[in-house]
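Let's take a walk through this one together, starting from a single pair of side chains and working outwards. Have the structure open beside you as you read.

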Amino acid sequence: MNLPSALESYDKALQINPESAELHNNRGRILLRQRQYQAAVDSFDAAHRLKPDLVDTLSNRGTALKELKRNDEALASYDKALQLKPDTAQIHYNRAILLAEIGDIGWYLLALGLTRAMMGGPFVRLLEGVVAASVIGVMFSFFKGYSDISLAEVLAVYVRNRLVFSQLF
């Protein structure tokens, strides 16, 4: 997809129909893919003002805010999206990743558990790999703050205790 051309098309469409929440949302998605995060947030905010119950807008806004390291706002955006549509696994997953990045491992594991409960098939296997890698990363970051532990030692702790982690999900 030619992103600059797509953005130009959305800009032209918005000149004709500036009250379309869907156009603002889609424009924001293009900006998000271009890593123009603040501009994406602005587009998602415009969409939200026009149609406050558009779940996709709130989720996309959360993703853009996460990239801007505005974590509290991102979390609030994901939470609002989940209030409107609590069974959306992708939003639970995005929220879990944010929680992992800010170091809230308890809520992170709970959110991933909810995501896994909602999805099946190959995605669950991929998710389990992401969980393992994320748990190892969080463990390494945590222990690194308190000692001179190596990544190999953290991996050893994880492997010895992986049964505990697998039972969480």
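Start with D79 and R95, whose side chains meet in a salt bridge at 2.5 Å, N to O. This pair links distant parts of the chain, with D79 sitting in helix α5 and R95 in helix α6, 16 residues apart. The two partners don't share a burial class: D79 counts as partly exposed because its relative accessibility is 28%, while R95, at 17%, falls under the 20% cut-off and so counts as buried. Bear in mind that you're looking at a predicted model.

That pairing belongs to a set of 7 salt bridges. Side chains of opposite charge can pair when their charged atoms come close. Another of the bridges joins R27 and D11, again at 2.5 Å from N to O. Here R27 lies in helix α2 and D11 in helix α1 (residues 3–16), so the bridge ties together parts that are 16 residues apart in sequence. D11 is partly exposed, with 28% relative accessibility. Then there's R70 with E73, whose side chains meet at 2.9 Å, N to O. Both ends of that bridge are partly exposed, R70 with a relative accessible area of 27% and E73 with 34%.

Now step back for the overall layout. The protein has 9 helices and 0 strands, so to speak a run of α after α along the sequence. Of its 169 residues, 40% are buried. Among contacts with a separation of 6 or more, 42% are between residues 24 or more positions apart. The protein exposes about 9600 Å², and carbon and sulfur atoms supply 56% of that.

Next, find helix α4, which covers residues 55–67. Its 13 residues reach 19 Å from first C-alpha to last, close to the 18 Å expected. What surrounds this helix? The cover over its buried residues includes α2 (21–33), α3 (37–50), α5 (71–84) and α6 (89–101). With 10 of its 13 residues buried, α4 is largely enclosed by the rest of the structure. The buried set isn't just greasy side chains: V55, L58 and L65 are in there, but T57, N60, R61 and K66 are among them too. After α4 comes K69, which has a positive phi, near 65 degrees.

Two of those buried α4 residues, T57 and N60, lead us to N25 in helix α2. Is N25 buried or exposed? It's buried, with a relative accessible area of just 4%. The side chain of N25 makes a polar contact of 3.1 Å with the side chain of T57, and another of 3.2 Å with the side chain of N60. An α-helix has 3.6 residues a turn, so residues three or four places apart point the same way. Setting aside neighbours within four places in sequence, N25 is in contact with F44, A47, L54 and D56 as well as T57 and N60.

Finally, how far can you trust what you see? The mean pLDDT is 77, and 60% of the residues reach 70 or more. Among the elements, α3 has the highest mean, at 98, and helix α9 (residues 151–168) the lowest, at 49. Over residues 162–169 the pLDDT is below 50, and beyond near neighbours in sequence that stretch has 9 contacts in the model. Where pLDDT is low, the predicted coordinates should not be read in detail.

Conventions:
Residues numbered from 1 in each chain as written. Predicted model: local features only at pLDDT ≥ 70, side-chain atom pairs only at ≥ 80, totals over all residues. Heavy atoms only, no water. Helix = DSSP H or I, 4+ residues; strand = E, 2+ residues; numbered from the N terminus. Expected span 1.5 Å × (residues − 1). Buried < 20%, exposed > 50% of the residue type's maximum accessible area, 1.4 Å probe, protein only. Contact = heavy atoms within 4.5 Å. pLDDT = per-residue confidence, 0-100. Polar contact = N/O pair within 3.5 Å; in protein donor to acceptor, adjacent residues only side chain to side chain. Areas by Shrake-Rupley, 256 points an atom, 1.4 Å probe, with all protein chains shown as cover. Salt bridge = Lys/Arg side-chain N within 4 Å of Asp/Glu carboxyl O.
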